[in-house]
Amino acid sequence: MKKYKHIFFDLDHTLWDFEKNSEETIEEIYKKLELQSRIKSAHELYKSFEKANRWVWDQYHKDLLGKEAFRSLRFDLALSQHNIKDEKLSLILSEQYLKICPTKPHLIPDSILVLDFLSNKYTLHLISNGFEETTMQKVENTALKKYFRTITTPTHSGYKKPHELMFDFAIKQAGCNAKESVMIGDDLEADVLGAKRFGMDSIFFNPDGIAHQEVVNFEIKYIKDLIYIL
Ligand SMILES: [Mg+2]
């Protein structure tokens, strides 16, 4: 599709396989800290972490939580689902998680194939709500970094998706305009509706087929589908 010149990608859950990297990290920490006597299995700990993490991210997106509170709270909440109240343990879990998880290599299937294809036709950028240092670690520890001309995070822009100033910052940094750009992401509100309100087209990556009533430019189930529409 010739209409676009610049493509903006979200990172977590769109290119970087958050679930897989996260579960592997939790398994590693569970074994290392020998948590068997306190929590039934690594998978149980992962499930409670996943639930807590989703909730804290939602609060963080709404600016109801700061960075530090965000980081320790998700493990407090995860442990409380196993009737454990142990601030020291939750701090250790948080530190270990932050150290290990961004070094994990798993990407959403076919990401590299798609980026190779698209990078020959378009200029690619990343726009993530993740923290700057973790985002950079993630792209540096995978093969992702070389594909992106610019990387925008709230650390530099001062705003998060879906705020229009986050998109405004990203396109200014990229030296392009909204009309010649398209945003791809898995979060309907932050990525898709945020871009739409800013005046940028968007592609909703919806692998689980979440039902919604929004009018979107494109919707895909697999990242590979981008090859057919771009
Ligand atoms: Mg995402």
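This is a short talk on the domains, the cores, one helix and a few backbone oddities of one chain.

Keep in mind that the model is predicted.

Let's start with the layout. The chain is divided into two domains: domain 1 takes 6-17 plus 107-229, and domain 2 takes 18-103. So how far apart are their centres? Taken over C-alpha atoms, 26 Å separate the centre of domain 1 from that of domain 2.

Now the contact between them. On one side there are 12 residues of domain 1, and they are in contact with 8 residues of domain 2. Which helix gives the most to the domain 1 side? That is helix H6, residues 132-141, with 4 residues. Sorted by class, the domain 1 side has 5 polar, 4 charged and 3 nonpolar residues.

Next, the cores. In soluble globular proteins, nonpolar side chains tend to be buried together. Here the largest nonpolar core has 36 residues. The residues with the most contacts inside this core are Phe8, Phe9, Leu15, Phe167, Ala170 and Ile184. Who supplies it? Strands S1 (6-9), S2 (123-127), S4 (181-185) and S5 (201-205) each bring at least two residues. Helices H5 (111-119), H8 (164-174) and H9 (188-198) each do so as well. H8 gives the most, with 5 residues.

Take phenylalanine 9 from that list. Leaving out residues up to four places away in sequence, Phe9 touches Thr14, Leu15, Leu124, Leu126 and Ile184. Apart from this core lies another, of 13 residues. Its members include Ile29, Leu45, Phe75 and Ala78.

On to helix H2, residues 42-61. First, a length check. H2 has 20 residues, and at 1.5 Å a residue they should span 28 Å. The end C-alpha atoms of H2 are 28 Å apart, so the model agrees with the expectation.

Which residues of H2 are buried? They are Leu45, Tyr46, Ser48, Phe49, Asn53, Val56 and Tyr60. These buried residues cover an arc of only 165° around the axis, so they sit on the same side of H2. The face turned away from that side carries Arg54 and Asp58, both exposed. And what covers the buried residues? The cover includes helix H1 (18-32) and helix H3 (67-80).

Last topic: the backbone. Most residues other than glycine have a negative phi, and most peptide bonds are trans. I have three exceptions for you.

One comes right after H2. Aspartate 63 follows that helix with a positive phi, near 60°. Asp63 lies in the loop between H2 and H3. Is aspartate 63 buried or exposed? Only 10 other C-beta atoms lie within 10 Å, and the cut-off for exposed is 12 or fewer, so Asp63 is exposed.

Another is histidine 13. Its phi is near 70°, again a positive value in a residue other than glycine. His13 is found in the loop between S1 and H1. Histidine 13 has 16 C-beta neighbours inside 10 Å, so it counts as partly exposed.

The remaining one is a peptide bond. From lysine 161 to proline 162 the bond is cis, with omega near 10°. Where is proline 162? Look in the loop between helix H7 (154-157) and H8.

That's it from me.

Methods. Residues are numbered from 1 along each chain as its sequence is written. This is a predicted model: local features need pLDDT of at least 70, side-chain atom pairs count only at pLDDT 80 or more; totals for chains, interfaces and linings use all residues. The expected span of a helix is 1.5 Å times one less than its number of residues. A residue is buried if 20 or more other C-beta atoms lie within 10 Å of its own, exposed if 12 or fewer, and partly exposed in between; C-beta atoms are placed from the backbone. The arc is that of the directions from the helix axis to the C-beta atoms. Two residues are in contact if their C-beta atoms, placed from the backbone, lie within 7 Å. A nonpolar core is a set of buried Ala, Val, Leu, Ile, Met, Phe, Trp, Tyr and Cys residues joined through C-beta atoms within 7 Å. Domain bounds come from an automatic or database domain assignment. Ala, Val, Leu, Ile, Met, Phe, Trp, Tyr, Cys and Pro count as nonpolar, Asp, Glu, Lys and Arg as charged, and the others, Gly among them, as polar.
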